[in-house]
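Visitor: Hi! I'm new to reading protein models, so can we go through one together, starting with what the words mean?

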Amino acid sequence: MMKLYGFDTINTLKVLMFLQETNEEFEFIPVNIRAGEQHKPEFLAINPAGKVPVLHDGDEYQTESNAILLSLAKKTGWGLVDDPSMHKQLVAWLFYQASTQGPHFGQIEYWSGFAKTPNPEALAHHHAIANRAIAYLDGQLACKQYMCGEIYSIADIALFPWLHVHENLGLSMETAKNLASWLDRIRSRPATMKALAFFGPNSIF
């Protein structure tokens with residue numbers, strides 16, 4: 001059985017969403033990053049980067065949430081797209097999420113909730129980039145249901161969690177109707193609802 005090391009985080013949610021979609025059996029092993037458990041020697045032996053999630057699948061520890069999604073999709077055959085050009089888009093979306101959406105949305109979370117010393121300039125900077133990302137994603141969904149066309153894929157799963165909590169970050173989708181509809185479609189999936197409820201009523205989700 002697979003083991004998922006994680007916590008109530010955006011990146012752990014991605015993997016949970018996939019596992020719920022495919023009904024994969026797994027054991028969840030909590031790593032309380034708020035208490036610093038990711039820095040303990042026993043966890044660093046698993047992932048020297050000190051980050052969750054980590055997926056143990058057989059004899060291998062897999063790290064980086066989007067890489068885990070891609071590995072699971074290749075293993076199970078779920079969450080990919082058949083068209084070669086669309087597959088290239090899917091991979092590009094995974095990189096976009098990791099290089100642009102994730103870092104800037106994460107910085108908003110940090111500067112608005114965790115930083116000991118406020119930095120309004122930094123918060124405004126990342127808000128501006130996040131708003132441009134919302135507009136960009138909304139435009140990409142003008143003529144399709146999902147990021148890679150009409151098929152729900154790991155590209156959607158990767159992008160979903162930060163957008164799901166956009167209101168908590170002070171972001172709006174009032175002018176992003178396509179993206180708002182996309183969010184509703186994913187939120188209504190039974191697997192998504194199970195994943196969102198995984199950490200209970202006190203979850204960040």
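Guide: Sure. Let's start with a word we'll need: a residue counts as exposed when its relative accessible area is over 50%, as buried when that area is under 20%, and as partly exposed in between. Also, keep in mind that this is a predicted model.

Visitor: OK, let me try that out. Is Asn23 buried or exposed?

Guide: Asn23 has a relative accessible area of 59%, which is over the 50% cut-off, so Asn23 is exposed.

Visitor: And where is Asn23 found?

Guide: In the loop between α1 and β2, where β2 covers residues 26-30. Asn23 also has a positive phi, about 55°, although it is not a glycine.

Visitor: What about Glu64, what is its phi?

Guide: Phi of Glu64 is near 70°, so we have a positive value in a residue other than glycine there too.

Visitor: Where does Glu64 sit, and how accessible is it?

Guide: Glu64 is in the loop between β4 (60-63) and α3. Its relative accessibility is 43%, so Glu64 counts as partly exposed.

Visitor: Changing topic: which residues does the cis peptide bond join?

Guide: Val52 and Pro53, with omega at about 5°. Pro53 is in the loop between α2 (41-44) and β3 (54-57).

Visitor: On to the helices. How do people describe two of them packed together?

Guide: With two things: the angle between their axes and the distance between the axes.

Visitor: Then what are those for α1 and α3?

Guide: Helix α1 is residues 10-22 and helix α3 is residues 65-76; their axes come within 9 Å and cross at roughly 15°. Angles under 35 degrees count as roughly parallel, so α1 and α3 are roughly parallel to each other. The crossing of α1 past α3 is right-handed.

Visitor: Which residues meet there?

Guide: From α1, you get Asn11, Lys14, Val15, Phe18, Leu19 and Thr22. On the α3 side they meet Ser65, Asn66, Ile68, Leu69, Leu72, Ala73 and Thr76. Sorted by class, this contact has seven nonpolar, five polar and one charged residues.

Visitor: How about α4 and α5, at what angle do they pack?

Guide: At about 140°, with the axes 9 Å apart. Here α4 passes α5 in a left-handed crossing. The residues making the contact include Trp93, Phe105 and Trp111 of α4, and His126, Ile134 and Leu137 of α5. This contact has 13 nonpolar, six polar and no charged residues.

Visitor: Let's try α6. How many of its residues are buried?

Guide: Helix α6 runs over residues 154-164, and 11 of its 11 residues are buried. Among them are Asp156, Phe160, Trp162 and His164.

Visitor: What covers them?

Guide: The cover includes α1, α3, α4 (84-114), α5 (120-140), α7 (177-187) and α8 (190-196).

Visitor: And how many residues are in the largest nonpolar core?

Guide: It has 52 residues, and those with the most contacts inside it are Phe105, Met147, Leu163, Leu179 and Trp182. At least two residues each come from β1 (2-6), α1, α3, α4, α5, α6, α7 and α8. The biggest giver is α6, with eight residues.

Visitor: Who is Leu163 in contact with?

Guide: Leaving aside neighbours within four places in sequence, Leu163 is in contact with Gln101, Phe105, Ile134, Leu137, Met173, Leu179, Trp182, Leu183 and Arg187. Apart from the largest core lies another one, of seven residues, including Tyr5, Val31, Phe43 and Ile46.

Visitor: Back to α1 for a sec. Is Gln20 buried or exposed?

Guide: Gln20, in helix α1, has 17% relative accessibility, so Gln20 counts as buried. If you skip neighbours within four places in sequence, Gln20 is in contact with Phe26, Ala191, Lys194, Ala195 and Phe198.

Visitor: Last one: where is Phe199?

Guide: In the segment after α8. At 23% relative accessibility, Phe199 counts as partly exposed. Beyond its neighbours within four places in sequence, Phe199 is in contact with Phe7, Asp8, Thr12, Leu16 and Phe28.

Visitor: How far apart are Phe199 and Gln62?

Guide: They are 137 residues apart in sequence and 22 Å apart in space, going C-alpha to C-alpha.

Notes:
Residues numbered from 1 in each chain as written. Predicted model: local features only at pLDDT ≥ 70, side-chain atom pairs only at ≥ 80, totals over all residues. Heavy atoms only, no water. Axes fitted to C-alpha atoms, helices over the stretch in contact; angles between N-to-C directions. Helix = DSSP H or I, 4+ residues; strand = E, 2+ residues; numbered from the N terminus. Parallel < 35°, antiparallel > 145°, perpendicular 65-115°, else oblique. Left-handed = near helix turned anticlockwise from the far one by under 90°. Contact = heavy atoms within 4.5 Å. Nonpolar A, V, L, I, M, F, W, Y, C, P; charged D, E, K, R; others polar. Buried < 20%, exposed > 50% of the residue type's maximum accessible area, 1.4 Å probe, protein only. Core = buried A, V, L, I, M, F, W, Y, C linked by side-chain atoms within 4.5 Å.
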